[in-house]
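Me: I have a model open on my screen and I'd like to learn how to read its fold. Could you walk me through it?

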Amino acid sequence: MTLLLRINSSSRQSGSHSAAVADQFEASFRQKHPGCRVVTRNVADGSIPIISQATIEGFYTAPEAMSSELVEATALSDRLISELQEADTLLIAAPIYNFSVPAALKAWIDQIVRLGHTFFYDAGAFQGLAKTRRAVVICTFGAEGYLEGQPFAAANFVQPYLRFLLSFLGIEDIRFISVQGTTADPATVARNIEAAKQECRLAA
């Protein structure tokens with residue numbers, strides 16, 4: 001069964017532009033993949049804590065040496081990685097916060113980037129282990145000018161970071177769908193969101 005793993009990272013529990021565009025992608029995905037399964041993680045709800053010392057120790061401890069404390073400390077990482085590895089498509093809804101990704105999204109990333117599980121290092125080279133076929137990233141920006149070739153592109157640390165990260169994990173098919181000017185007048189916002197939703201209909 002085809003699985004869509006959706007990661008919502010906006011702190012807005014209602015009125016989120018990134019979530020609204022992701023809703024369209026999910027609806028189109030369900031339409032194109034009847035019977036698919038969707039797993040949604042609203043990472044800004046506090047369900048994924050900042051990574052702890054015990055979790056890091058567990059990441060670098062051999063399975064046979066894991067204490068009950070380390071097993072518990074890495075249990076969430078195990079679940080999140082399992083979801084990622086099972087997913088055909090990863091959908092990330094990521095507003096820009098202070099020029100980068102939301103802290104809640106980074107907390108999820110720190111749980112799923114794990115040596116021996118989603119990447120490995122051998123003979124001086126890294127290789128991704130993620131089985132996910134593709135990733136679609138919905139990015140929203142309050143102002144205009146963040147995209148490649150535009151005046152404020154140097155301040156966009158969301159897309160370059162996520163492109164590198166997802167590629168590092170082994171996901172080769174990566175697509176970004178962007179909405180700029182979300183703090184503009186209502187007509188501009190509606191027009192920009194509709195354009196992104198149309199991209200979602202085609203991309204799903």
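What follows is a chat about the overall layout, then the sheet, then the helix packing.

Reply: Sure. Keep in mind as we go that this is a predicted model.

Me: Let's start with the big picture. How many helices and strands are there in the protein chain?

Reply: You'll find 7 helices and 7 strands. Going along the sequence, they come in the pattern β-α-β-α-α-α-β-α-β-β-β-α-β-α.

Me: And what does the radius of gyration say about the chain?

Reply: The trick is to hold it against what a compact globule of that length would have. For 204 residues that would be near 17 Å, and the protein chain has 18 Å, so the two agree. If you'd rather think in a box, the C-alpha trace spans about 60 × 40 × 35 Å along its principal axes.

Me: On to the sheet. In which order do the strands sit, and is the pairing parallel or antiparallel?

Reply: Read a sheet across, from neighbour to neighbour, rather than along the sequence. Here 5 strands make an open sheet, ordered β2-β1-β3-β6-β7, and the pairing is parallel. At the edges are β2 (37–42) and β7 (173–179), each of which pairs on one side only. On average, neighbouring strands are turned by 15 degrees against each other, ignoring direction.

Me: Can you zoom in on one pair? How many bridges link β3 and β6?

Reply: Strand β3 (residues 89–95) and strand β6 (residues 134–140) pair in the parallel sense over 7 bridges. To find the register on screen, look for L90, which stands opposite A135 in β6.

Me: What about β4 and β5: do they run parallel or antiparallel?

Reply: Antiparallel: strand β4 (residues 119–122) and strand β5 (residues 125–128) are joined by 4 bridges. D122 has A125 of β5 as its bridge partner. The hairpin has 2 residues between the strands, and A123 takes a positive phi there, near 50 degrees.

Me: Now the helices. How are two packed helices described?

Reply: You give the angle between their axes and the distance between the axes. Try it on helix α1 (residues 17–32) and helix α7 (residues 186–203), whose axes come within 8 Å and cross at roughly 30 degrees. That angle is why α1 counts as roughly parallel to α7. Their crossing is right-handed.

Me: Which residues make that contact?

Reply: From α1, the set includes A20, V21, Q24 and F25; from α7, it includes V189, I193, A196 and C200. Sorted by class, this contact has 9 nonpolar, 3 polar and 3 charged residues.

Me: At what angle do α4 and α5 pack?

Reply: Helix α4 (residues 75–86) packs with α5 at about 90 degrees, their axes 8 Å apart. So α4 is roughly perpendicular to α5. On the α4 side, L76, S77, L80, I81 and L84 make the contact, meeting W108, Q111 and I112 of α5. The classes here are 6 nonpolar, 2 polar and no charged residues.

Me: And how far apart are the axes of α5 and α6?

Reply: For helix α5 (residues 103–112) and helix α6 (residues 158–168) they are 13 Å apart, at an angle of about 15 degrees. That makes α5 roughly parallel to α6. α5 passes α6 in a left-handed crossing. L105, K106 and I109 of α5 touch Y161, L162 and L165 of α6, a contact with 5 nonpolar, no polar and 1 charged residue.

Me: Last one: which strands does α5 lie across?

Reply: β1 (3–8) and β3, with α5 running at about 145 degrees to β3. That ties the helix back to the sheet we began with, where β1 and β3 are neighbours in the order.

Definitions and conventions. Residues numbered from 1 in each chain as written. Predicted model: local features only at pLDDT ≥ 70, side-chain atom pairs only at ≥ 80, totals over all residues. Heavy atoms only, no water. Axes fitted to C-alpha atoms, helices over the stretch in contact; angles between N-to-C directions. Parallel < 35°, antiparallel > 145°, perpendicular 65-115°, else oblique. Left-handed = near helix turned anticlockwise from the far one by under 90°. Contact = heavy atoms within 4.5 Å. Nonpolar A, V, L, I, M, F, W, Y, C, P; charged D, E, K, R; others polar. Pairing = 2+ DSSP bridges. Rg over C-alpha atoms; globule rule 2.2 N^0.38 Å.
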